[in-house]
Each structure stands twice: as structure tokens, then as C-alpha cells.
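This briefing is intended to be read alongside the sequence and the structure. It treats selected local features, grouped by topic.

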Amino acid sequence: MNNYEKMWQELGLDVNLHNEVLNYINKGFQNTVGKQKNRPRTMDYFDNVLHESHGGRVAELLEEKSKGKKIVGFFCIYVPEEIIMALDMIPIALCGGTNFSVPYAEKMFPRDICPLVKSTLGLAFSKTCLYAPIKSLAVGETTCDAKKKVWDILSQKVNFHIMELPQKKNIIDTHLWEDEVHTLVENLEKLAGKKLNPFILKEKIDIMNNKRKVLQRLAKLRIKEPPPISGLDALVVMQAALNDEPVRFTKKVEELCDELEDRVKKGISPFYDKAKRIMVSGCPSVMGNWKVHSLIESSGGAVVVDETCTGVRYFKDLVDTKANDIDGLLGAIADRYLKINCSCFTPNNDRLEMVRTLAREGNIKGVVQYILQYCHTYNIEAIRIDGTLKQDNIPSLKIVTDYSEEDTAQLRTRVEAFLETLQ
């Protein structure tokens, strides 16, 4: 029995099956991230965050829970983490990125829905998700039809809050979203047994803004020539961002950026000189999923920008802290989170402009549009993204896939052919 098996048993997990999940994820990690050469030394910390996500981090959360703190799970970056933190609770991402758990979800849910949703549910249904038994509340949002109907079912079984995300960004939609943020606060205050304090809220906003600022610094370093870090390693950092304690995480990313600046001065890069500069756009790649980035970079590309929720969308905008009252601060938070450019919005011209800007700033030679199977909004919006990029003579490749390895050879052929066409 390893150091954590007793903890897993006490949490009600299927320990044998959980060990199989870990072996599956670790094998995927070693076959992708672990195969890289010339990695920054400070990446050791972020590798460890991923490896300890089912061990040390859970033990840490249980210790906090024993002191009276509550754990709030979330499934999307539209959920304001600073509000949860300001009520002395801990936000933690719940999304799964492993194909191992998908069959367990398909026993109840249709096969033809998002693999991220199925992976997440499969971990819970197979009793291999450590966060399911320790959270006090889960917060979902209405970014896609599959999620909306899943929340219907989960809300009958666990303490669940659903945030209604508007599908436009007009004045009426802004008011709706502000109301949703206030309703979330009311629910969180009941759970915490206390009222939101404006001074503490501002303090937590500063913590999250500092986290975003350091990730912005990392993004600027990624687009240097030559890039000092691989896109695969940058993805590992972003996956850790959704799981790690934010102050500690921010400090470690600062250390990584310091090392990367030194690598830039010395011309140290994990890529060959002729690696094609690529932007990945579209769906997120959550913890356990390194498939597309690995395919691109093992085929001669260099992913230097991620226009995804595990990329720029997570840290692009800061919360304005000019206000000193609760209503003013909550309004600023609502405004910041509504700026996230998910494909669920229509019209979605803001996302088109963001893609164009990122491509220009990053000197991007080609864009890989990564679409999870059955994600209709990103799949259809890929047409407009492609058209926008063509105006700047930047080609794009659309990849529609899931978490399995079955299509890896086919995708590699397509990626290699795409990279060959780039100037």
C-alpha cells in the first residue's frame, strides 16, 4: 500500500481501479511530456503538481477541510475563483482529461457527447475521482447543451449551483450575468455561514490578478524567437494553474519565467531552428490530455500560443479593483469574466479579433483548430476562424478528436502534411 492508499480508502474510492487510472495517466504523461528534451529545470515543480493531484494536493485539501474550510468544485473558467476564496473556501477544477474513465460514463450517458464531460463523469461514477467526496458544492455553467442537461441530473444527487451564462454580450446580457454572479454569492455565503467582505474580496482579487499577470509574462516569453519553452510544457503549467494553491503557483511561475528569460538571452530552446510557429485554438486540454500538443511538436511544430481555456482565455483580462464596495467589486468581476471568448456566444466577433491579434503578435505561421468531438459550437465557428486567418494569409488545420489514441497515426499524417505546407 503506497502513502495515499489509506486516504483513498477512507474517501470511498475503488483503490485498485484508481491505481489503474493513475498508471494510465502516467503512461500518457511519459509518452508525451516525459519524452521531451532540453526542458527548463523549473518544470520539475509543475510536473509534480500533476503527479500529486491525486495525492499530496488532496491531502492538503483534506487538512484544510479539517480546519473547517469548504471545497468548491467548478467545471469552467467562468466561475469566479476570487469570490470563493474571499469566503474562506477553496476552488478546485473538476474536469477530467483521461480516456480511461469514458466507458464508465457511457453506461448512463450517450456516447455522442463531449469527451471532457464523459471523462469527468466517468471518474465520479467509477469511484476514482478524489475531489467528488471532499467538495461541499459544485458549480456548473451553461456553456454547452451537454453540460446543461448533465447538471439537471447531478443537481438531484449532490449540492449543485448552476450559473446561467448569456449567449450574447449586449446590455441586457450584462445585467443577466451580473445577477448570476450575485446569486452565486448568495449561495456561497449560505454555505460559508458568513457575508462577503469587500476588503477580503479585494485581497483575493489581487491574488488572482497577480496569478494572471505572471501567466501573461509567460505568454510573452513563449513567443520569443526562438521559443524558450515548448507548448507542451506551457500546457502543463496551465493544467497546474487549475489545481495548485494560487499564491504558491504564482511564485513558481515567476521562477520559471526568470529561467526562461535567461534561456532567451542564451538562445536556449527545445526546438530546432526550422520549427514552424503554431497557435492551437479551440477547446481546452485539461489535465491528463497532452495529445494534440505532443503530435504537433513531435512532428516539427512549435506551439507558441494557446487560444483556449487552458491558455490565453484563462489569464487575458484582469479584474478592475478601483471600487471599494461589494457591488462595485462584483460588477468588475462580472465584467472581467464575461470578456472570456467562448464559442457559445453569438455573434462572436470578439473571439475572431482575439485570434487575429494573437496570430500577429506571435508571428504565427499556422493555426491548429483543436475541436473535441461533438463540440458543435467550436466546430462550426472554425469556419469563421479559418476565414479570419485567411485574410492574413495564415492557413489553419481543423482537428476533431477525442481522448483516445486510436486516431493518433491518422492525425500525425495530417499534422505533418500541414506543417510541410507552411512557409
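**Cysteines and disulfides**

The sulfur of Cys114 has its closest cysteine sulfur in Cys144, at 6.2 Å, which is too far for a bond. The model is predicted, and its count of disulfides is 0. A disulfide is a covalent bond between the sulfur atoms of two cysteines.

- The cut-off for a disulfide is a sulfur pair within 2.5 Å, so the 6.2 Å between Cys114 and Cys144 does not qualify.
- Cys114 counts as buried because its relative accessibility is 14%, and the cut-off for buried is under 20%.
- Cys257 also counts as buried, at 0% relative accessibility.

**Helix H12**

- Helix H12 covers residues 246-266, 21 residues in total. Its reach from first to last C-alpha is 30 Å, close to the 30 Å expected at 1.5 Å a residue.
- Cys257 is one of the buried residues of H12, which also include Phe249, Leu256, Glu259 and Arg263.
- The cover over the buried residues of H12 includes four helices: H3 (43-51), H5 (81-86), H10 (198-222) and H11 (231-241).
- Phe249 of H12 is buried, and the charged end of Lys211 sits over the Phe249 ring, 5.4 Å from its centre.

**Helix H17 and the loop after it**

- Helix H17 has 15 residues, 376-390, and reaches 22 Å between its first and last C-alpha, close to the expected 21 Å.
- A kink of about 35° is centred on Ala382 in H17, and Ala382 is among the buried residues of this helix.
- The other buried residues of H17 are Tyr378, Glu381, Ile385, Asp386, Thr388 and Leu389.
- Both helices and strands contribute to the cover of these residues, including H14 (312-315), H16 (349-361), S5 (276-282), S7 (366-372) and S8 (396-401).
- Asn393 lies in the loop between H17 and S8 and has a positive phi, near 60°, although it is not a glycine. Asn393 counts as exposed because its relative accessible area is 70%.

**Contacts between residues distant in sequence**

- Leu419 belongs to helix H18 (residues 408-421) and is buried, with a relative accessible area of 4%.
- Leu419 and Ile296 are separated by 123 residues in sequence, yet their C-alpha atoms are 8.6 Å apart. Beyond four places in sequence, the contacts of Leu419 include Ile296, Lys276, Ile278 and Ser299.
- Gln167 is placed in the loop between strand S4 (160-163) and helix H9 (171-192); this residue is partly exposed, at 34% relative accessible area.
- Thr142 is 25 residues from Gln167 in sequence and 9.2 Å away in space, C-alpha to C-alpha. Outside the four nearest places in sequence, Gln167 is in contact with Thr142, Cys344, Phe345 and Thr346.

**Backbone features in loops**

- Thr346, a contact of Gln167, is joined to Pro347 by a cis peptide bond with omega near -5°. Pro347 is found in the loop between helix H15 (326-338) and H16.
- The peptide bond from Glu225 to Pro226 is also cis, with omega near 0°, and Pro226 is placed in the loop between H10 and H11.
- Asn38, in the loop between helix H2 (15-31) and H3, has a positive phi near 55°. Asn38 is partly exposed, with 42% relative accessible area.

**Aromatic rings**

- The number of aromatic pairs is 12, and one aromatic cluster is formed by Tyr24, Phe100 and Tyr104.
- Arg336 lies over the face of Tyr337, 4.6 Å from the ring centre.

How values were computed. Residues are numbered from 1 along each chain as its sequence is written. This is a predicted model: local features need pLDDT of at least 70, side-chain atom pairs count only at pLDDT 80 or more; totals for chains, interfaces and linings use all residues. Side-chain values use heavy atoms; hydrogens and water are left out. Helices (H or I, at least four residues) and strands (E, at least two) are DSSP runs, numbered from the N terminus. The expected span of a helix is 1.5 Å times one less than its number of residues. The bend at a residue is the angle between axes fitted to the seven residues ending there and the seven starting there. Buried means under 20% relative accessible area, exposed over 50%, partly exposed in between (1.4 Å probe, protein chains only). Contact means heavy atoms within 4.5 Å. Rings of Phe, Tyr and Trp (its six-membered ring) pair if their centres lie within 6.5 Å; planes under 30 degrees apart count as stacked, over 60 as edge-to-face and the rest as tilted. A charge sits over a ring if NZ of Lys or CZ of Arg is within 6 Å of the ring centre and within 35 degrees of the ring normal.
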